[in-house]
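Please consider how a helix pair and an enclosed cavity may be read from coordinates.

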Amino acid sequence: MTDDTRALEQRVAAMLAEISPVGRASGGGWSRFAWTDEDRVLREWFTAKSRELGLTVDVDRAGNIWSWWGGRPTPDRPGVTTGSHLDSVPGGGEFDGPLGVVSALAAVELLQDGGVVPEHPVGVVVFSDEEGARFGIACFGSRVLTGSLSAEEALSRRDAAGTTLSEALRAEGVDPEDYGADPDLVSVIGAHIELHVEQGVALGDLDAPVGVASHIWPHGRWEVTVAGEANHAGTTPMDRRSDAMVRASEFVLAVRDSAVAHDASATVGRLRVEPNGVNVIPSRVTASLDVRAPGEDAVEAVLDDVADFAPVRQSWTPGTWFDSRLREVVAEGAAEATGQELPVVGTGAGHDAGVLQNHGVPVSMLFVRNGTGASHTPAEHAELSDCALGVKALAGALVSVDRWLTTVQADTVQADAVQGVSRG
Ligand code: HGY
Ligand code: MN
Ligand code: MN
């Protein structure tokens, strides 16, 4: 093993260790939700790490943090950005999000130490609330940033305790009046590369430490509310009950059967039961529904099968093909830096990168092999040797994309991406 690989392994391990205590969940894993104490500690950590690298730190109108190397981007010097998120699902894994942020910081440091001087500003971003674990919509910060989620709708979202985002922001010293889209910032992002731990086994099956993404499956979130009649658990005969939990159970089984029939992935991950008493027949159950599939027709077929339960859509991301020209440039730069040819793999996991691509920013994703293939669980794992290769791949990609952007007018790049000229 070369020294620089070991140094990169130690760099990644050290930064993950610094944030490891934040949000450790009692049942294992990590719970780091938006606009909470844990989130604040992680934002402060990222800001401090950025300043150690001499980066200029900004927070955009949607609460995302951008750290700039080489000054802020402008229309004639658009930025090359990378980064990911630091929030998690309840009891999530250590790598989903943080690996992308830590790898971005390590890649910038590697390039700085190598004396590289990019022609374009290089930005490292931490997107706010990618998982949507608290307010129920995924990719919250990137959707508000790009305007695909209005500030009005976002601010009125409530968490399980009934706290609105507006109240949560104010509690963190953010004025909700200033919260919203930031089109000027999005317009000066020339290209974005997100590195992420793979959420699946494709790279493991290919025995490849790093891969590049072709696309993200179409996926959406809905909410179903079933009503019943509260009554005494002991004195109400079984044939005189209107039990919302029984009806919700019928919904869960209908979702499972439909997803199997249509080769989709569908999950009811959260139930909100009212009045939620152990000796009270439930009067209302609100169920979450997450549906994804390689094609939109399979998602629609599942929604058709459960239409009787009147699902209400919370968020939708169409199938997203990453910019294929950018993908080639990223793969070349990564291969040059690692000596590895990168396989091209798709994913059923959503990412802020998909939101930016759908908004016309040319985007690419790098995946680092996950030895267990598991994600959204403490079982999620990436070997440090693969993480070090991921940092090298990302550093190589940043250099090749910086050069590429110089040869391509930023507005042409965005216009093509918006028209999908370069669909994968
Ligand atoms: O749900 C997802 O696919 C992502 O992890 N937010
Ligand atoms: Mn996730
Ligand atoms: Mn993620």
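The dialogue below treats helix packing and then cavities.

Q: What conventions apply here?
A: This is a predicted model, in which local features need pLDDT of at least 70, side-chain atom pairs count only at pLDDT 80 or more, and totals for chains, interfaces and linings use all residues. Residues are numbered from 1 along each chain as its sequence is written, chains are lettered from A and ligands numbered from 1 in the order written, and side-chain values use heavy atoms, without hydrogens and water.

Q: At what angle do helix 2 and helix 3 pack?
A: Axes are lines fitted to C-alpha atoms, for helices over the stretch in contact, and angles run from 0 to 180 degrees between N-to-C directions. Helix 2 (residues 37–52) and helix 3 (residues 98–113) pack at about 15°, with axes 11 Å apart. The two are therefore roughly parallel (angles under 35 degrees).

Q: Which residues make the contact?
A: Contact means heavy atoms within 4.5 Å. Helix 2 contributes Trp45, Phe46, Lys49 and Ser50, and helix 3 contributes Val101, Val102 and Leu105.

Q: How is empty space found, and how many cavities of 30 Å³ or more are there?
A: Rolling a probe the size of a water molecule over the atoms shows where empty space is left. A cavity is a set of points on a 1 Å grid over the protein atoms alone where a 1.4 Å probe fits but cannot get out; lining residues have an atom within 4 Å of a point. The whole structure holds three cavities of 30 Å³ or more.

Q: Which element gives the most to the lining of the largest cavity?
A: Helix 2 does, with three residues. The lining includes Asp39, Leu42 and Arg43.

Methods:
Helix = DSSP H or I, 4+ residues; strand = E, 2+ residues; numbered from the N terminus. Parallel < 35°, antiparallel > 145°, perpendicular 65-115°, else oblique. 1 Å grid on protein atoms, 1.4 Å probe; cavity = no way out; pocket = protein on both sides within 12 Å on 5 of 7 lines; lining within 4 Å. Points joined across faces, edges and corners; volume = space filled by probe spheres on them.
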